[in-house]
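Here's a short set of exercises to work through with the structure open beside you. Try each task before you read its solution.

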Amino acid sequence: MGLLAIGTPLDWPEAKKVASHVREWGIEQLLEVWRRAKGKERDALLWGDEIEYLVVCYDDEHREVRLSLRQADILTALATDEKLLSQGGGVPDLQRGAVGTGDTAPVFHPEFGRFMLEATPGKPWGIGFKDLLDVERNMKWRRKIAKEHMAPSEFPITLTTFPRLGAKENSIVPYYPPSGDKLRSQFLPDEIANPHIRFPTLAANIRARRGRKVEINVPVFRDEKTPWPFKDPTVDYDLRNWPEDDDVRNGAAKDNHIYMDAMAFGMGSCCLQITFQAMNIGEGRKMYDQLSPLGPILLALTAATPIYKGFLADTDVRWNQISRAVDDRNPEELGEKPLKNDRWRIPKSRYASNSTYISQDARLRTEYLDPDLIVDEKLKQRLIEGGLDDRLATHFAHLFIRDPIVVFAEDLKELDLDKADHFENLQSTNWQHMRFKPPPQGSDIGWRVEFRPMEIQVTDFENAAFSIFIVLITRAILSFDLNFYIPIPRTTENMETAHIRDAVNTQKFHFRKNPFPSRHVRVAGASGTSTPNPFSRPPTPVGPVEDEYELMTINEVINGKTSADGDGFPGLVPLVESYLNSVNVDVETRCELARYLALIQKRADGSLWTAAKWIRHFVQTHPDYKKDSVVDEGVTYDLVKAAERITRNEGRDGFAEEMLGKRQ
Ligand code: ADP
Ligand code: MG
Ligand code: MG
Ligand code: MG
Ligand code: MG
Ligand code: MG
């Protein structure tokens with residue numbers, strides 16, 4: 001999460017009044033950051049991952065599992081652990097001696113849900129291959145430390161969502177009745193959110209800005225005995241505590257869908273994020289663009305979210321649910337009413353796939369950009385006056401079409417150009433699948449790019465595998481100057497496709513056919529020496545954009561597509577292999593990396609299952625499952641226990657081999 005400033009938050013109508021003020025100051029701060037950091041060069045290629053956990057709590061006697069709301073106690077225990085602090089870990093503010101890179105003790109962070117925990121390595125990882133081999137062990141260490149600071153009945157689990165969050169019998173300990181002033185949810189209490197004032201204010205102001213509660217309808221999976229049409233039986237149409245209780249009487253809950261009504265249903269999901277530091281701003285902008293088309297592919301490949309609120313869903317991933325859970329657009333912006341008080345119709349939620357490219361790469365054709373992209377022209381003009389080029393100004397002027405949601409009265413007194421709080425206010429509440437992170441003021445951190453679409457995996461082996469894969473493909477991109485550009489609206493479409501049940505095996509995604517640079521270039525290998533790029537091709541005449549990409553299966557994208565003329569897409573893993581061949585990697589490292597790449601390859605070719613498929617299968621073959629889409633308390637208990645077992649044994653006991661393969 002972003003900065004957690006303390007102060008007096010403004011309620012919605014008040015925050016709205018100062019929105020332009022915050023945006024303008026945010027743009028001035030961005031310009032100042034840019035002036036100071038645009039020339040930063042030769043920053044190290046660092047990277048870091050983030051793992052999010054659900055803290056579950058078992059009652060074995062009654063075969064029940066709940067979410068534990070003890071985040072604050074657990075973080076306090078971590079923050080006061082002398083041994084952990086002396087090893088360079090703990091919590092960010094208390095971390096000691098966290099300089100350099102490498103395998104230090106982990107750092108723990110709060111998250112939106114009071115049942116969540118986030119852990120990162122104590123220091124970012126460096127460029128060396130040795131660091132890649134420390135990742136999995138470090139992730140396991142994080143989980144072990146987290147567990148040691150929990151109660152015996154608690155466990156840190158990496159399921160994306162708690163299967164019965166918001167189910168009527170109550171899914172949390174301790175118990176709080178639903179329907180508080182902030183969320184006004186009929187399923188969840190306000191106590192579900194981190195009590196730091198930023199979080200409940202965020203939820204309340206999103207709701208107030210919309211003029212009604214957030215509306216999350218997930219298609220229900222229709223099984224043999226699912227009543228049809230399906231009317232979510234947990235919805236209460238007779239509540240009259242808050243004006244928002246009218247939402248369901250006004251049609252908020254859709255037939256054949258699971259209905260949810262609060263930010264926690266989305267922001268309570270766990271994901272796997274990777275942040276890279278680039279050598280300079282230009283390289284960062286290139287990474288941002290080239291990783292963007294990979295987003296939906298990795299979303300589908302990491303699919304792990306087949307259950308909501310006690311029902312099997314007909315989708316496999318969390319993305320759209322989070323998107324809707326923080327969608328603050330009002331009826332005018334949504335196009336439900338004619339524009340009167342608002343400036344634009346806005347096609348996407350502030351949590352969505354990204355909508356523009358930012359690199360100055362000559363290969364970026366204007367046809368790849370969205371001609372209908374909405375930007376704040378006035379702010380864009382100011383950025384251009386301040387020296388930004390059109391493309392980067394467009395990116396930020398697009399993010400700044402949103403209102404700031406949480407504004408602290410104390411921060412409006414004077415503009416501090418040594419800070420970036422107003423900029424971060426907008427930046428950190430634009431939750432796109434890529435994030436371009438400028439250097440924080442007063443730090444020696446460089447320009448960073450964050451890859452955000454992946455779902456958290458049940459085991460640390462898998463989380464390490466996906467993290468390392470993204471690191472290696474990024475190195476291949478930079479080393480071989482690869483080109484994955486497709487028109488950005490195709491990425492938006494791919495993101496939708498990724499939601500389809502078992503998309504990884506059944507769907508096709510728009511992907512660029514030829515990723516190779518069409519000129520003879522010499523590229524710097526990771527060793528720093530310049531080597532001929534084995535992939536460069538003679539220049540090809542520029543044809544219609546539509547000829548540059550086609551629909552491919554995930555298997556083709558990951559493992560390659562053989563075609564009669566030998567010219568098919570080579571596959572992301574073969575590209576990584578070529579990169580590894582081009583640099584000096586010792587045999588042992590190569591073998592270790594091969595284990596991770598094999599997992600990615602087998603997920604893509606369908607020989608190993610995604611977590612979504614495994615969980616769905618677990619439920620559907622459970623003796624207590626009644627083929628009616630309901631995932632009841634007992635099944636949930638067994639499922640969470642099964643996930644814990646998989647996390648501990650990683651398939652070595654023969655359990656969940658469908659997902660993990662045969663492991664020693
Ligand atoms: P956020 O939640 O804002 O995305 P976090 O601070 O939780 O960010 O974590 C981001 C990740 O970036 C962590 O894994 C951290 O180790 C890593 N990181 C920190 N500094 C750098 C850096 N200079 N370059 C690359 N990664 C970094
Ligand atoms: Mg997080
Ligand atoms: Mg974080
Ligand atoms: Mg942070
Ligand atoms: Mg019971
Ligand atoms: Mg992050």
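**Exercise 1.** In which helix is threonine 394 found? Then work out whether threonine 394 is buried or exposed, and list what it touches beyond its sequence neighbours.

*Solution.* One thing before we start: this is a predicted model.
- Step 1: find the helix. Threonine 394 sits in helix H13, which covers residues 390-399.
- Step 2: check the accessibility. The relative accessible area of threonine 394 is 12%, and buried means under 20%, so threonine 394 counts as buried.
- Step 3: look for its partners. Leaving out residues up to four places away in sequence, threonine 394 touches Leu373, Val375 and Lys380.

**Exercise 2.** Take the magnesium ion (ligand 3): which residues coordinate it, and which parts of the chain does the pair tie together?

*Solution.*
- Step 1: pick out the donors. Glu50 and Glu118 each use OE to coordinate the magnesium ion (ligand 3), at 2.1 Å.
- Step 2: place them in the fold. Glutamate 50 belongs to strand E1 (residues 47-59) and glutamate 118 to strand E4 (residues 116-120), so the pair links parts that are 68 residues apart in sequence.
- Step 3: look at the second ion. The magnesium ion (ligand 2) is 3.9 Å from the magnesium ion (ligand 3), and glutamate 118 coordinates both.
- Step 4: compare with the burial cut-off. Glutamate 50 is buried at 12% relative accessible area, and glutamate 118 is buried at 2%.

**Exercise 3.** Where does proline 517 lie, and how far is it from arginine 363 in sequence and in space?

*Solution.*
- Step 1: locate the residue. Proline 517 is in the loop that runs between strand E16 (508-512) and strand E17 (522-524).
- Step 2: check burial. With a relative accessible area of 0%, proline 517 is buried.
- Step 3: get the two distances. Proline 517 and arginine 363 are 154 residues apart in sequence, while their C-alpha atoms are 8.8 Å apart.

**Exercise 4.** Now zoom out: how does the radius of gyration of the protein fit the globule rule?

*Solution.*
- Step 1: count the elements. The protein has 23 helices and 19 strands.
- Step 2: apply the rule. For 664 residues the globule rule gives 26 Å, and the radius of gyration is close to that at 24 Å, so the protein is as compact as a globular protein of that length.
- Step 3: add the box. Along the principal axes, the C-alpha atoms fill roughly 70 × 60 × 55 Å.
- Step 4: bring in burial and contacts. Of the 664 residues, 62% count as buried. Among contacts with a separation of 6 or more, 75% come from residues 24 or more positions apart.

Conventions: Residues are numbered from 1 along each chain as its sequence is written. Chains are lettered from A and ligands numbered from 1 in the order in which they are written. This is a predicted model: local features need pLDDT of at least 70, side-chain atom pairs count only at pLDDT 80 or more; totals for chains, interfaces and linings use all residues. Side-chain values use heavy atoms; hydrogens and water are left out. Donors are N, O and S atoms within 2.8 Å of the metal (3.2 Å for Na, K and Ca); water is not among the atoms, so sites may look incomplete. Helices (H or I, at least four residues) and strands (E, at least two) are DSSP runs, numbered from the N terminus. Buried means under 20% relative accessible area, exposed over 50%, partly exposed in between (1.4 Å probe, protein chains only). The radius of gyration is taken over C-alpha atoms; the globule rule is 2.2 Å times the number of residues to the power 0.38. Contact means heavy atoms within 4.5 Å.
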